Amino acid sequence: MTQKTSFKSRLKQALSFFRSDLKACTPLLVVFGLISAVTVVICYTICVVLGEDLTFTTALSSINFLGFTNSGTGINEIFQYSSANLIYLISIIFTIIYTVRIYSYLHNKRKADLYGSLPIGRSTLYVTKTASAYLMSILPTLFFLGVISIITVCTGNSVITELSAMFLKICLGTLASISFFGLIAVCCGTMLNSVLMFVAVCVAYPLSAIFIKGIVVGCFDGFYVGIFKDSIIMNALNPLAAYDGINIIYWLIFSVVCIALGAFLAKKRKAERAQSAFAFHLPCYIIKVLVSFLAGMFLGVLFASVNVLGGYAGFVFGFILASVPVYIIVHLILYRGFSKLIKTSIPLGALIIVSCVGVALCCFDAFGYNNYVPKTQDIKSAGFYDANSNYQAKGSAVGKNLKDMADDITDKNTITSISEAHFKLVDKRNYSVQNKFRNAWVSMFKDNVPLFNEISKNPDYAFAYTLNNGHIVTRTYSATSVFDEINDYLSSTYNGLDTSDIIYSKGYIKAYSPLVKAELKDINTFIVAGFDGKVTDDKHPDFVISKITYVDDDGTVKYTKNSKKATEKIKEAFLKDLDNCSDEDFKKTVQMTDYTDYALDYAYINYGEYDSLKESEPDAVCVIAIATGDANPYYDEVRNMDSDNSNTAARTQIAYTVPKSFKNTIKALQELGILNNKLYMDKDYLPSESTSYEEYTNYCDDYDDYDSTSDVYSYIDDSEY
Amino acid sequence: MIEVSHITKSFGKITAVDDFTLDINRGSVLGIVGSNGGGKSTLLRLMAGVFDADKGEIKINGQNISDNPSVKGECFFIPDYPYFSNSSTLENTAYLYRSLYPNWSEDAFKHYCSVFPIEPDAKIIDMSKGMQRQAALILALSTCPRYLLLDEIFDGLDPVVRQLVKKILIDNVSVNDMTVVVASHNLRELEELCDRICLIHKGKLLLEREIDEIKLGLRKVQVAFTEVPDNSFFEEINVINMWRNGNIFNLTIRGTEDDFMPKLEEHKPLYISAVPMTLEEIFICEMGAAGYDAENIL
């Protein structure tokens, strides 16, 4: 029979323990306080003394302190950011020290005697100690961030919001870290083992997850690596990741579970386990397996990627070569000797078998993932993403957006084209095991290392299918890799892919063309280009432009007075014509597509297109061109727009010829005053100065000399702006 | 009352306490003696609720001690090496104990602080071993425990303080009906303090009796025979230990003079002398009977 202690009594006990711990940790708190205070004063002094030095200010303001976006350039912000971030670091260090000290009652026999005989429940004691560690970490940080806030407020530029966000991150990180360390401390018999285990789990788990990610993405072509970005899977057992302030719900649940489990285990824990290796052996197995797995994967993937024993055999050799000794070493460290080594080696055997079999399944594509393309008759609807022509309101065809695309196209002909193109793509592949392991290295860091990030941020092609049975199949493909060998191979695979049947299909245009789909806020260019009707023997026939939405000289998007109405009207009319047109007329509309890749970024269609257009489509009245995404040319290498403006649409540019048969579109253009009755351009004639045939010829000759993208840009810049 | 019933506690392959059963009445002083590694300290830790028994249970006032704060609030355990943190003083430790122990007495604390020569605000960690034990005793007695569990409490105390401690403990037993359990190797101190003794060896209870009963129940007898009797005779008179030099025998006999003297007289010994044994002699004798090879060790 056990009598219950009242809540009030427990609270009183908890406060006494807190005070007792506070006493015990007073020297540490004093050190924390002194270091923090000195740090704040140093930062403030430097900022005040050197505040007028613009070089200093600029240099400091360009630093992104621990991911904290520093948008300000004032000395006040620099002081706040630098001091706050230093306090942040100091707080983390002292949190670790407090925590280690506070849980030491579990690891010292004499302390175990004292605490074990005290009239307080073991679970209550554990929770009290956890709360004590948490408060002692949080309160001083709160105090010093408060001091910094007050200083910044007094100096006239408050950034309390940012500091509050930082404090919340500290709270979350501290809570998760302390809870997890407490749980580990309960399971371990010594403080050294607890610290070793905490560090090992925090390091080994994310690295192991990265290796698994690398293998999965490296081996399964078409697997979207982005699903791992910010995914909790990558950091599930690394509470230090909670300091990033993302996945808040997970970390709160994680902390609660750790505390509850720790309290439960504290109740079950045998006090005599103090100063022995472990109180509960499960964490020991976990850490031995994790670290061995990590070492094995490292050497295994390394051997396989340099083609030791032909690839996979090299992986197995490397895995065993690294994992076995590491397992023994970790055992020696944790158990201080060879005791129970043989008895506890079963997990090692299981690890080797599971890992080697798992990697074999991946790299030999046992499930047929790489070659799988759904049969046309099995597809209910489909989606296709082409980086240049596909308008996606939310940026790109990735993640949930990609899944949503699977319902976009129901037109059977387009679905057949998509399926065939996809089949051709995967049919060309002959991806070697070595290549897969080599690609695994890149895949590991694809979404968190800038070098690889830009490559993989958006796919070049993406396919999505909703099957008749309701399953959704998605694949994304990129044409680039940082390894030359793989890059060449990928490029040859992708460059040979002809997707014109898809892109120029009605189904695709209706689903993805920016002319049909783009929201006004995402459009940076919307122009109608037609003829001025003033051609003579001496004068070059101007192919003139009516700008509805355009990018001006300084790169900002400008809207004409009626741009919204005009855009909607033209869009509606064009869609109506598209629905009603014959296949022959439909082909006429897509003639301009080949000439629009670069020019539209600048609301510009070069003179050469006039001849091309007249030659290929004598029936053309005008060209409607549209571009979406960020207008800033400096971001051109990155198709997805993450720049400072709010435009997050995919970068697309596309133009359609309007043939005479597109009556609705022509009528709309006439009503808007863009075309006159003779179907010539009637408004906003540009350029202001006409060119002669001679100039035009030279212009075209010069243009032909340029063949690289960047050169075309600079040429256009020089000549037109 | 402390009821220890069929307690077993093992540490790996070593069984420290083996199917141990014992009842300790309120208001008594029980001394636990035994060989090194015999299980005394483990038994005390089990009674204090520090360790959980593998088998059996320990009840105090009818309640299981394991993880039971309300029962623990009536007990106080002073281990052989009491723990104090680097910053512990009597005053700040008292602050913690005040909220933990329901019977904490401020008067008692002040009283014992004045009785023992210890400064309340001095750091305990800087004190000598004996002083630390006195500090632990002050704190223990201030909680007014009904059950006081002491492990090697006399270790490091000077004779004056030993007498003082004994006096305080006996006063508390008689006035407050306190129950004291003391594990010690210092049999002379136990002899003066305890009313019952429990002898433990290899985790098993060898004997548990009132101290007078133990002392009266064994006799050291020196006897010189003209004619040495058969071995069966020695068994008949309950000899548990025998040392022989020719016809001279040193015997340890379980029983009183009334039991064995007439039988010895029948063999017309040349010389016979029977004296009571000290607790230490009894300890060695009983341990020897239990297989503890004291003679070889000595």
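Me: What makes the meeting of Asp113(A) and Arg45(B) a salt bridge?

Reply: The term is used for a side-chain nitrogen of Lys or Arg within 4 Å of a carboxyl oxygen of Asp or Glu. The side chains of Asp113(A) and Arg45(B) meet at 2.6 Å, N to O, and therefore the pair is called a salt bridge. The count between chain A and chain B is five salt bridges. This is a predicted model, in which local features need pLDDT of at least 70 and side-chain atom pairs count only at pLDDT 80 or more, while totals for chains, interfaces and linings use all residues. Residues are numbered from 1 along each chain as its sequence is written, chains are lettered from A and ligands numbered from 1 in the order in which they are written, and side-chain values use heavy atoms, with hydrogens and water left out.

Me: How do you know which residues of chain A and chain B are in contact, and how many are there?

Reply: Contact means heavy atoms within 4.5 Å, and by that rule 28 residues of chain A are in contact with 32 residues of chain B. The two chains bury about 3,000 Å² between them, 53% of it on carbon and sulfur atoms, where buried area is the accessible area (1.4 Å probe) that two parts lose on being put together, summed over both.

Me: What is counted as a polar contact across the interface of chain A and chain B, and how many residue pairs does the rule find?

Reply: A polar contact is a pair of N or O atoms within 3.5 Å; within protein, one must be able to donate a hydrogen and the other to accept it, and residues adjacent in sequence count only if both atoms are side-chain atoms. Across the interface of chain A and chain B, eleven residue pairs, both at pLDDT 80 or more, are found in polar contact. Helix 1 (7-24) and helix 5 (109-117) of chain A each supply at least two residues of the side of chain A that touches chain B, and the largest share of that side, eight residues, comes from helix 1 of chain A. Helices (H or I, at least four residues) and strands (E, at least two) are DSSP runs, numbered from the N terminus.

Me: Why is the salt bridge of Asp67(B) and Lys267(A) said to join two chains?

Reply: The side chains of Asp67(B) and Lys267(A) meet in a salt bridge at 2.9 Å, N to O. Asp67(B) lies in the loop between strand 5 (63-64) and helix 2 (69-72) of chain B, whereas Lys267(A) lies in helix 9 of chain A, so the pair joins two chains.

Me: Why is Asp67(B) called buried or exposed, and what is said of Lys267(A)?

Reply: Buried means under 20% relative accessible area, exposed over 50%, and partly exposed in between (1.4 Å probe, protein chains only). Asp67(B) has 9% relative accessibility and therefore counts as buried, whereas Lys267(A), with a relative accessible area of 41%, is partly exposed.

Me: How do you know that Lys9(B) and Asp54(B) form a salt bridge, and which network includes them?

Reply: The closest N and O atoms of Lys9(B) and Asp54(B) are 3.8 Å apart, and because the limit is within 4 Å, the pair qualifies. The pair links distant parts of the chain, with Lys9(B) in strand 1 (residues 2-11) of chain B and Asp54(B) in the loop between helix 1 (40-48) and strand 4 (55-60) of chain B, 45 residues apart. Lys9(B) is buried because its relative accessible area is 0%, while Asp54(B), at 36%, is partly exposed. Lys270(A), Glu272(A), Lys9(B) and Asp54(B) are linked in a network of salt bridges.

Me: Why is Ile249(A) called buried or exposed, and what makes the nonpolar patch a patch?

Reply: Ile249(A) lies in helix 9 (residues 248-268) of chain A, and its 58% relative accessibility is why Ile249(A) counts as exposed. Patches are made of residues with over 30% relative accessible area and no salt bridge, like charges being joined within 9 Å and nonpolar side chains (Val, Leu, Ile, Met, Phe, Trp, Tyr) within 5 Å. Ile249(A), Ile253(A), Val257(A), Leu261(A) and Phe264(A) form such a nonpolar patch on the surface, with about 480 Å² of accessible area together, areas that come from the Shrake-Rupley method with a 1.4 Å probe, only the protein chains shown counting as cover for residues.

Me: Why is Phe463(A) called buried or exposed?

Reply: The relative accessibility of Phe463(A) is 0%, and therefore Phe463(A) counts as buried. Phe463(A) is placed in strand 2 (residues 461-467) of chain A, and, not counting residues up to four places away in sequence, touches residues including Gly383(A), Leu402(A) and Tyr477(A).
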